[in-house]
Structures are given as C-alpha cells and as structure tokens.
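User: I would like to understand how labels such as "buried" or "in contact" are reached for a protein model. Could you reason through some of them with me?

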Amino acid sequence: MANNTNKSNTFKSSGRGKGKSETKKSFLKDRKFHLAFGFFLLITAIFLFIAFLSYLFTGKADQSVVEAVGQDGLKVLGLEARNWLGLMGALSAHFFIFKWFGLATFFIPPLLFLSGFKIVFKKTLVPLTRAFVFSVFFMFWLSLLLGYFSLDTMDLTSWSFLSGGVGFELSVLFHSILGKGTFLFLVFALLVFLIYFFNITSLFSFSSKSGPANASLTDPTLANTPKTPPTDEQETVDGQKELESWTVKNIEKPEDAEVSDKLKLDVTPSSSEVDPSPVNEPEFSINEEVIEEKVGDKIENYDPTLDLGSYKYPTLDLLNQHTASKAQVTKDELEQNKDKIIETLINFKIGISSIKATIGPTVTLYEIVPDAGIKISKIKNLEDDIALNLSALGIRIIAPIPGKGTIGIEVPNKNREMVTIRSVLSTDKFMTSDKELPVVLGKTISNEVFVTDLAKMPHLLMAGATGQGKSVGLNVILASLIYKKHPSQLKFVLVDPKKVELTLFNKIERHFLAKIPNSEEAIITDTKSVVNTLNSLCIEMEKRYGLMKDAGCRNLKEYNAKFVNRQLSPEKGHRFLPYIVLVIDELADLMMTAGKAVEGPIARLAHLLPTRYRVKTGVLFPD
C-alpha cells in the first residue's frame with residue numbers, strides 16, 4: 001500500500017501534462033495554423049463545388065466506377081472516372097449528392113468558403129451563424145421536397161440524385177405518415193422559418209401600430225424593467241450584425257504612453273459563433289443599423305434592444321433565498337451606549353441637551369443636540385475616544401447631519417442584520433426605478449432600500465479595511481446594473497490584477513463585457529493590456545464628446561434620447577451609445593505596478609467627468 005501511495009504522487013506528471021496542454025493551446029492560437037486551416041476550407045469549398053457541378057454531367061457514367069472502389073485498383077479506376085476532378089471528385093460527389101442530400105448539397109461549398117474567408121482575411125462577408133442555419137435548414141427541406149416529388153416518377157433510379165438518399169428516405173417516411181399532407185407540412189415549415197429568420201413581423205408590419213414591430217418585445221419605454229423581459233427565441237436580422245460590429249480601437253498613440261498600433265477594445269457581447277482568430281480592423285467602429293419600421297406613414301422610434309431580441313433579463317430565482325434575521329439591539333445595549341457617549345462628552349466638558357437613537361440594520365445612529373456655544377469640531381475630534389469608551393470597532397461622527405440641527409454618532413451593532421441582495425433587488429423601489437444606471441447599495445439607517453444612479457456619480461472609489469465588504473459592494477453594483485439594463489445599453493470593462501475577484505463575471509462575456517480581441521480572457525489582468533485599454537477608452541471618450549457636440553447635447557442621456565427619436569442621422573456618423581462602466585479592482589496595486597502609464601489615462605477620464613464620490617464603510621458622500 002505504501003508503494004501505491006508513492007506511485008500516486010503526480011507532481012511531475014502534472015507538470016508534464018501542463019506543458020503539453022500549454023503547447024497544444026499555443027498551437028491552436030498560432031496564426032500560421034489559422035491561415036493553413038482557412039486556406040484548407042477555401043480550397044475544399046472550390047473542390048467540392050467543381051466536383052458537384054461535374055456530377056450533374058458525369059454522375060451516371062461514374063456510377064460503375066464508384067461501386068468498383070475496393071475491388072479494382074485506384075489507378076485503373078482513376079483513369080476510367082469521368083468527373084472533372086478524377087476519382088476523388090467522383091467519390092465526393094457520389095456520397096454528398098447520391099447518398100446524402102442530392103442537389104441541396106450545393107449549400108455546403110458556400111458555407112465552407114465563408115468560414116475559410118473569415119479565418120484568412122478576418123472579414124465577415126455574411127454572418128456565419130445565419131449562413132449555417134440557412135444552409136442546414138434548406139439542405140433538409142429541399143432534399144425532402146425533391147424526394148417527395150420523385151416518389152411520383154416512374155424511374156426512381158434516374159431522378160434519385162435530386163433528393164439524395166437522405167431526402168428519399170425522409171420523403172418515404174413522411175409520405176407513409178402524412179400522405180399528400182407532406183406538401184402542406186413543407187409549406188408550413190418554410191413559412192415558420194421565414195418568419196423567424198427574416199423577422200417577417202417587421203417587414204410586413206404584422207404587429208400592432210401602437211407598439212414595436214416585434215410583438216414579443218416590451219415597449220421601449222419599459223425596456224429597463226426586468227419584470228417583462230424579452231421572450232423571443234430567435235435574434236433579429238440586425239442582432240447578429242450588432243454582435244459582430246461592437247469594437248473600440250485605438251487610432252493614434254497617446255503622447256504619454258506606448259500603445260500598440262493595432263490596439264482595440266472589442267465590445268462584442270453576445271455571439272453564437274466563436275471566431276477562431278481575433279478580428280483586427282484599422283479603425284474604431286460601432287456599426288449599428290437603424291431599424292426603420294413604418295406603421296402607416298410614421299417611422300417608429302429606434303429601439304436598441306431589438307438588435308438582441310432573444311436576450312432575457314436574469315430572474316430573481318437565480319439568487320439564493322436567505323432568511324434575513326432582524327437586528328437584535330436590546331434596550332440594555334442602547335442604554336449602555338447612550339450613557340457611555342454622555343459620559344465621554346462630559347469628561348471633555350461638552351454638554352448636550354438631548355439624545356435619541358435610530359436602529360439600523362448594521363449600525364445605530366445616536367443623534368445629539370449640543371449645548372449652545374459648543375463647537376462642532378470639538379465633538380468631531382472625539383471620534384476615537386468615543387469608540388474606545390464604547391469598545392466598538394469604529395464609529396463615525398456626522399457633524400452636522402444634513403437637513404437637521406443635530407450631530408450623529410453611528411455605532412456598529414453587536415448583532416448585525418443580514419441584508420440579502422435578493423431582498424433589495426426584489427423591491428418595487430428598485431424594480432420600477434427610472435434611473436439611467438440604477439444601483440442598490442443596501443438599506444439606510446431607517447431600513448429603507450437605498451437606490452442611487454451611477455450615471456450621476458461617474459467616479460466611485462470603494463475604500464475600506466480588509467473585511468469591510470468592498471468586494472461584496474462591488475458585486476452588488478454590477479449585479480444591480482445587469483438586472484436592470486439590456487446588453488445594448490451597457491458595456492463593462494473589468495480590470496482585475498488579482499485575477500480572482502471578478503472571475504464570477506466571465507459568464508456574461510458574450511453580452512456585457514468589453515475586451516481586447518487578442519486576449520483570451522474577457523476580464524483584463526495583464527498590466528500592459530490595462531494600459532492599452534485605458535488609452536482606448538480615452539479615445540472613445542473623445543469621440544463621444546465630438547458626437548455630442550455635433551448633436552448639441554450635454555450628456556449621454558440627451559444624446560441617446562435624440563437618437564431614439566430619430567433626430568440624429570446615422571449617415572452623419574451618429575449611433576446609439578451604450579454606457580461604458582470601467583471597474584478596476586485593487587487600483588492602488590495597479591498604480592504601484594504600472595505607475596504613470598495608468599495614472600495618465602485615468603486622470604484624463606476623471607477630469608472630463610466632474611462629479612466624484614467615494615464609498616467608505618457603506619456610506620456614500622462627496623469627495
């Protein structure tokens with residue numbers, strides 16, 4: 001048994017396995033491999049197309065040659081083959097056309113060509129996902145249709161190549177079940193496919209005039225409410241174009257930092273296809289097609305959520321249901337704290353005329369009214385002394401409380417109430433909030449849910465000692481935005497030098513996260529990538545200010561409102577601008593590592609957005 005234990009030490013073998021894994025990973029990322037595979041697809045597409053086309057003229061003559069494979073020599077059979085591409089072309093065409101899908105096989109070469117073209121030239125002629133869905137559907141549909149008609153012919157051998165073996169067998173199956181009704185089924189399948197694939201509701205205005213063209217989508221004015229999420233199961237035509245066009249790129253090098261000439265920030269949220277190589281384009285572009293839907297003679301407002309109509313808002317069921325315990329602050333605890341506060345103030349010759357307590361989830365606020373002639377600064381300087389006398393971890397003195405003629409002393413409760421995220425996100429105050437970027441930060445001292453607008457405080461610094469809840473607060477902010485905003489309205493740029501704090505948000509990469517296409521991870525961890533990303537954001541900010549200047553708007557809300565109301569023309573470069581929220585974890589560590597390389601772009605981003613706030617132990621106040 002000891003021998004088995006010694007043999008089970010896999011430290012060295014794990015290292016070897018890791019090396020092989022990294023070699024394989026780097027091989028798959030190699031651009032030379034991408035080019036080789038891309039050209040293989042292009043050549044294969046051309047080869048199959050020529051072989052299929054030749055089969056229409058030489059298929060019958062090559063039938064005996066194909067059947068003799070395995071019996072006679074390949075050299076002899078190759079000389080007898082009449083296909084333009086020899087024996088290999090005859091075999092390929094025989095299997096694809098005669099054995100499988102018949103004439104519908106001609107959908108395969110274009111699909112392979114589009115894939116190879118995108119890999120080699122990094123350009124998309126037609127969205128691959130849509131091309132794949134289109135080709136697969138019509139391969140089966142057309143082969144079944146041709147097989148259905150070939151059943152009525154007398155000479156099945158002469159016409160079986162039209163439908164292929166798969167189409168013929170399917171037609172026999174459907175004919176035995178539906179009989180002549182097979183044709184009605186084919187018509188119905190075609191209509192359903194066209195409705196979903198080409199969004200027939202918007203093309204022919206089948207939807208009601210009072211609402212958006214896509215009847216399953218909510219009204220644009222209610223797009224921010226997660227109670228009525230979109231329920232489409234297919235994306236609109238413009239949805240895929242939006243997914244492939246969200247990119248932020250660096251055009252010029254900033255003077256104070258070295259930035260790659262090909263730097264760009266990809267804001268590609270959701271996509272059902274995975275590009276095997278990064279898409280490098282020379283300039284920044286966020287290309288969105290304006291969906292113009294006419295109801296009568298009136299053009300409806302632009303709705304950015306239609307570009308990703310299949311997106312569904314997260315539900316509260318995803319959050320754990322915790323039993324929240326009420327704050328257990330006894331009367332004795334209140335009396336003891338009150339006496340100790342009064343005693344400390346009297347020791348420093350500070351008299352008070354009244355004191356009252358307000359119990360909150362985690363802290364209790366004691367409001368005092370000092371005697372006349374007492375300086376507020378004198379009370380505020382006693383913060384540490386009061387904390388020592390109360391044996392508290394730390395207190396906060398608010399002098400004076402805004403809107404009141406009192407001074408507040410916040411003392412942590414010995415038994416704190418757990419405020420769950422589900423309990424605050426499910427409240428009507430948050431659900432029905434009309435704020436641009438609503439964020440719920442917990443409960444106030446009076447047990448009311450506190451919802452604020454991140455758009456009105458574009459700079460937020462989370463400060464506090466270890467264990468004070470910085471990471472929890474950050475997760476709550478991000479979760480709040482995800483629950484309220486559509487991916488077309490919001491993008492995140494997440495920077496996590498520690499590589500572990502924001503890993504949870506990897507799962508929203510295809511919808512909300514912006515990233516550099518050359519990096520594998522959506523969450524930025526490398527210092528060099530952070531610098532490049534920040535410089536890209538500076539350039540994007542300058543461009544947005546230029547667009548707002550041309551539109552005569554002061555902020556993003558006004559600009560997007562004009563664009564939604566079609567008061568701005570895309571032909572002049574205008575587009576719908578989603579909010580971009582930059583989140584940097586461990587900012588101090590990043591500045592120590594990168595120094596002025598990150599300080600410069602952060603300062604530029606900060607100076608052009610005037611309002612600044614910081615958070616300390618859960619309380620928000622101006623810096």
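Analyst: We can begin with Asn337, which in this predicted model is in contact with Tyr366, Leu390 and Val411, once its neighbours within four places in sequence are left aside. Asn337 itself is found in helix H13, which covers residues 331-347.

User: What makes the pair of Asn337 and Tyr366 a polar contact?

Analyst: The side chains of Asn337 and Tyr366 come to 3.1 Å, and the cut-off for a pair of N or O atoms is within 3.5 Å, with one atom able to donate a hydrogen and the other able to accept it. The pair is therefore counted as a polar contact, made from side chain to side chain.

User: Why is Asn337 called buried?

Analyst: The word buried is used for a relative accessible area under 20%. Asn337 has a relative accessible area of 10%, and so it is called buried.

User: How do you know whether Lys349 and Glu586 are buried, partly exposed or exposed?

Analyst: A residue is exposed when its relative accessible area is over 50%, and partly exposed when the value falls between the two cut-offs of 20% and 50%. Lys349, in the loop between H13 and S6, has 70% and is therefore exposed. Glu586, which lies in the loop between S14 and helix H21 (587-594), has 33% and therefore counts as partly exposed.

User: What is notable about phi in Lys349 and in Glu586?

Analyst: Most residues other than glycine have a negative phi. Lys349, however, has a positive phi near 60 degrees, and Glu586 has a positive phi of about 55 degrees, although neither residue is a glycine.

User: Which peptide bond is cis, and where is its proline found?

Analyst: Most peptide bonds are trans. The bond that joins Ala399 and Pro400 is cis, with omega about -10 degrees, and Pro400 is found in the loop between S8 and S9.

User: What makes S8 an edge strand?

Analyst: S8 belongs to an open sheet of four strands, in the order S6-S7-S9-S8, with antiparallel pairing. The edge strands are S6 (352-359) and S8 (396-398), and each of them pairs on one side only. The twist in this sheet averages 20 degrees from one strand to the next.

User: How do you know that S8 and S9 are paired?

Analyst: Two strands are said to pair when at least two bridges are found between them. S8 and S9 (residues 407-412) have three bridges, in the antiparallel sense, and so they meet that condition. Within this pairing, Arg396 stands opposite Glu410 in S9.

User: How do S13 and S14 pair, and what are the two faces of S14?

Analyst: S13 and S14 pair in the parallel sense over six bridges, and Lys491 has Ile580 in S14 as its bridge partner. The covered face of S14 holds Tyr579, Val581 and Val583, whereas the uncovered face holds Ile580, Leu582 and Ile584.

User: How do you know that the span of helix H18 agrees with its number of residues?

Analyst: The expected span is 1.5 Å times one less than the number of residues. With 15 residues (470-484), H18 should therefore span 21 Å, and its end C-alpha atoms are 22 Å apart, which agrees.

User: Why is H18 described as largely enclosed?

Analyst: Eleven of its 15 residues are buried, so H18 is largely enclosed by the rest of the structure. The buried residues include Gly473, Leu474, Tyr483 and Lys484, and among the elements that the buried residues of H18 pack against are helix H16 (421-425), strand S10 (438-443), strand S13 (490-495) and strand S14 (579-584).

User: Why do Cys538 and Cys553 count as buried, and how many disulfides are there?

Analyst: Cys538 has 2% relative accessibility and Cys553 has 11%, and both values fall under the 20% cut-off, so both residues count as buried. A disulfide needs two cysteine sulfur atoms within 2.5 Å, and by this rule the count comes to zero disulfides.

Methods:
Residues are numbered from 1 along each chain as its sequence is written. This is a predicted model: local features need pLDDT of at least 70, side-chain atom pairs count only at pLDDT 80 or more; totals for chains, interfaces and linings use all residues. Side-chain values use heavy atoms; hydrogens and water are left out. Axes are lines fitted to C-alpha atoms, for helices over the stretch in contact, and angles run from 0 to 180 degrees between N-to-C directions. Buried means under 20% relative accessible area, exposed over 50%, partly exposed in between (1.4 Å probe, protein chains only). Contact means heavy atoms within 4.5 Å.
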